Amino acid sequence: MRVRPHFVAGTGGYRGAMSYQSINPYNGQLLQTFKELTNPELEKAVATAVAAFAVWREKSFAERAVVMAKAAELMHARVDEFATPVTLEMGKLFAQAQGEVKLSADIIGYYAKNAERFLAPQTLVPESGEAEIQSCPIGVLFGVEPWNFPYYQLARFAAPNLMAGNVVLVKHAGCVPQCAIAFEKLWRDAGAPAGLYTNLLVSYDQVNWIIDDPRIKGVALTGSVEAGKRVAGRAGQNLKKSTMELGGSDAFIVLEDADLEATVKWAVWAKMNNTGQCCVAAKRFIVVEALADQFLAKFTAALSGLKAGDPMDPATTLGPLSTEAALVTLLDQVKRAVAQGAKLALGGKRVDRPGAFMEPTILTDITANNPAFREEFFGPVALFFRVKNEEEAVALANDSEFGLGGAVFTRDVARGKRVASRVETGMMFVNHPTWTSPELPFGGIKNSGYGRELASLGIQEFVNKKLVRVAAIDAAA
Ligand code: NAP
């Protein structure tokens, strides 16, 4: 297998890596390597997907829902079996991996139940006769997906699109091939026809080839800004519809009337869930000065109490990062931030033990000319900012190229909603970190991408909104 360049999230940097490998980041053990598809194998996969679409598009919602409901049921029945490779391949704490499996199953079940309603023909009222908008499937879609939620990301892309009558090809991230293969097998086990859901172990060159292929009708990517630019650019050259779910640097705003104890509890969760490797993890903690010292003291104490260890062990509260390369990138970002004047309130080093472990870290005194001010830190590193008031908090939150999620904490819900509406992101939560569930649309603006996944919006992205007009044959021209 050849070595190829491999992007590291949000940095535009590369890591040297074999293409598709399972390496346990807890101990560095190489678990398995996988071969990329040859071009003839790829061609066969695309042709099979095209043939599957011809049949699948004709199925009723009820017929499609049978396969989907079975897939959801199987995932719920085999939570530990699905969760294990997540923990082994990318280091997620096992309880969180179990939660991700259940959430993914819920997403599949949600679309099985609601897709027909979401895509029901919409009646228009023309001056005479009849007209409606139908939502028709468009064909074979291609998804490029990240490792940080190895099933949830796949479910978010596959479930709505399969229920809409499309079929999907998926290139998953190089470091989670076992999860990618397990998710493909799920569909076979659920009775899906060949070609309905296809996992592709392909190179970047082959990604371009797939996007260029006229049989592919739409492209969705979740990942870093750099990957988004390349894949969206390629789709654009081919005039293909795309959706982009990219990085973020979400603000976690604490106003002076927040409930401090509860807010700190959520701050720890918002930073440390999935060891900070969430697109919507809180990355910039923006605290009004009346609460700033108390917040920082309590937040620091809580983060210092986390215990590194085996992510399979329920006693562990600090898992490893997904790969050694991810750790090296993050350490370098912290080092550069400090070299430019930021201060370390906590951590900053790798944990003194084997595995890709990073100390929970808090950076303060980050000025606008520090590169850290604009970068995404994808791991357990919190950027802490002190502001005078609500006005400054909103201005700082908006001083970012990203616009994914964000949160505001205040006892005054009306005030929270007002602040939420002024922050330039795709999602804002009041008194809770940004998070996800099947019925809430997910996505961003600015460099965080475009389009939405989940909820009704998520199933509308790759359908043809077709006008069907019925007029009297003798109507005036
Ligand atoms: P990544 O390096 O961009 O990888 C994402 C996917 O894109 C992987 O399958 C990767 O394949 C592929 N890829 C990267 N560069 C490519 C290229 N030039 N051509 C073709 N494919 C390419 O991102 P990541 O490190 O896996 O994930 C972390 C990033 O995703 C963070 O920035 C995070 O914020 C973002 N994210 C966003 C959302 C959202 O919904 N907005 C959700 C989760 C994560 P390889 O693995 O083989 O390189």
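Trainee: How many cavities of 30 Å³ or more does the structure hold?

Mentor: This is a predicted model, in which local features need pLDDT of at least 70, side-chain atom pairs count only at pLDDT 80 or more, and totals for chains, interfaces and linings use all residues. Residues are numbered from 1 along each chain as its sequence is written, and side-chain values use heavy atoms, with hydrogens and water left out. A cavity is a set of points, on a 1 Å grid over the protein atoms alone, where a 1.4 Å probe fits but cannot get out. The number of cavities of 30 Å³ or more is six.

Trainee: Which residues lie nearest the centre of the second largest cavity?

Mentor: That cavity holds about 80 Å³ of space, a volume being the space filled by probe spheres set on the joined grid points. Its lining (residues with an atom within 4 Å of a point) has five nonpolar, six polar and three charged residues, with Gly counted as polar. Strand E12 (250-254), helix H12 (390-398) and strand E17 (402-403) each supply at least two of them; helices (at least four residues) and strands (at least two) are DSSP runs. Of the 14 lining residues, those nearest the centre are Ser249, Arg284, Phe402, Gly405 and Thr425.

Trainee: How far apart are the centres of domain 1 and domain 2?

Mentor: An automatic or database assignment sets the bounds, giving domain 1 (9-246 + 448-467) and domain 2 (250-430). Taken over C-alpha atoms, the separation of their centres is 30 Å.

Trainee: How many residues does each domain bring to the contact?

Mentor: Contact means heavy atoms within 4.5 Å. Domain 1 brings 23 residues, and the number from domain 2 is 30.

Trainee: Where does the largest nonpolar core lie with respect to the two domains, and why?

Mentor: A nonpolar core joins buried Ala, Val, Leu, Ile, Met, Phe, Trp, Tyr and Cys residues through side-chain atoms within 4.5 Å, buried meaning under 20% relative accessible area with a 1.4 Å probe. Among the 96 members of the largest core, Met75, Ile108, Tyr111, Phe142, Phe183, Leu186 and Trp187 touch the most others. Helix H4 (residues 94-118) gives the largest share, twelve residues. Because domain 1 and domain 2 both contribute residues, this core lies between them.

Trainee: Which residues are in contact with Leu186, beyond its neighbours within four places in sequence?

Mentor: Leu186 is one of the core members that touch the most others. Its contacts beyond four places in sequence are Ala71, Leu74, Met75, Phe82 and Ile108.

Trainee: Is Asn273 buried or exposed?

Mentor: Asn273 lies in the loop between helix H9 (260-272) and strand E13 (282-288). At 10% relative accessibility, Asn273 counts as buried.

Notes. Buried < 20%, exposed > 50% of the residue type's maximum accessible area, 1.4 Å probe, protein only. 1 Å grid on protein atoms, 1.4 Å probe; cavity = no way out; pocket = protein on both sides within 12 Å on 5 of 7 lines; lining within 4 Å.
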